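Visitor: Let's zoom in on one spot in this model. Please choose a single residue and talk me through its surroundings, starting from the overall layout.

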Amino acid sequence: MEPVLLSELPVGATAKVIAVDAPGPLGTRLRDLGLHPGTVVHCLRRAPLGDPRIYELRGVQLCLRRSEAGLVRVNTDD
């Protein structure tokens with residue numbers, strides 16, 4: 001299956017991080033939050049208008065705006 005952006009992951013779905021496509025401080029911040037290749041991410045819920053969303057990874061809940069989640073490529077095959 002083609003990789004998708006984390007921002008496109010439906011609520012309740014699980015995926016594995018392939019890459020963070022953000023240069024500079026934002027990319028560093030996303031990686032510091034635990035978004036590394038191979039990390040399993042679960043989309044828990046979203047705000048009523050769809051932004052932001054809550055994700056769970058490594059037992060931690062993380063809130064990301066759509067623009068931030070759109071910088072993370074994930075694979076839903078596993």
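**From the whole chain to one threonine**

Guide: Read from one end of the sequence to the other, the chain goes β-β-α-β-β-β-α-β. That comes to 2 helices and 6 strands, taken as DSSP runs numbered from the N terminus (helices are H or I with at least four residues, strands are E with at least two). The radius of gyration is 11 Å, close to the 12 Å that the globule rule gives for 78 residues, so the chain is as compact as a globular protein of that length; the radius is taken over C-alpha atoms, and the rule is 2.2 Å times the number of residues to the power 0.38.

Bear in mind that this is a predicted model, where local features need pLDDT of at least 70 and side-chain atom pairs count only at pLDDT 80 or more, while totals for chains, interfaces and linings use all residues. Numbering starts from 1 along each chain as its sequence is written, and side-chain values use heavy atoms, with hydrogens and water left out.

My pick is Thr39, which sits in the loop between helix H1 (24-32) and strand E3 (40-46). With a relative accessible area of 4%, Thr39 is buried (under 20%; exposed is over 50%, partly exposed in between, with a 1.4 Å probe and protein chains only). Of the 78 residues, 35% count as buried.

So what does the Thr39 side chain make a polar contact with? The partner is the side chain of Arg58, at 2.8 Å; a polar contact is a pair of N or O atoms within 3.5 Å, and within protein one must be able to donate a hydrogen and the other to accept it, with sequence-adjacent residues counting only if both atoms are side-chain atoms. A polar atom of the Thr39 side chain also lies 3.3 Å from the backbone oxygen of Gly34. Skipping neighbours within four places in sequence, Thr39 is in contact (heavy atoms within 4.5 Å) with Ala15, Lys16, Val17, Gly34, Leu57 and Arg58.

Now for the strands. E3 runs antiparallel to E2 (residues 14-20), joined by 3 bridges, and Thr14 has His42 as its bridge partner in E3. E3 also runs antiparallel to E4 (residues 53-57), with 5 bridges; strands pair if DSSP finds at least two bridges between them. There, Cys43 is bridged to Tyr55 in E4. The hairpin of E3 and E4 has 6 residues between the strands, and Gly50 takes a positive phi near 90°.
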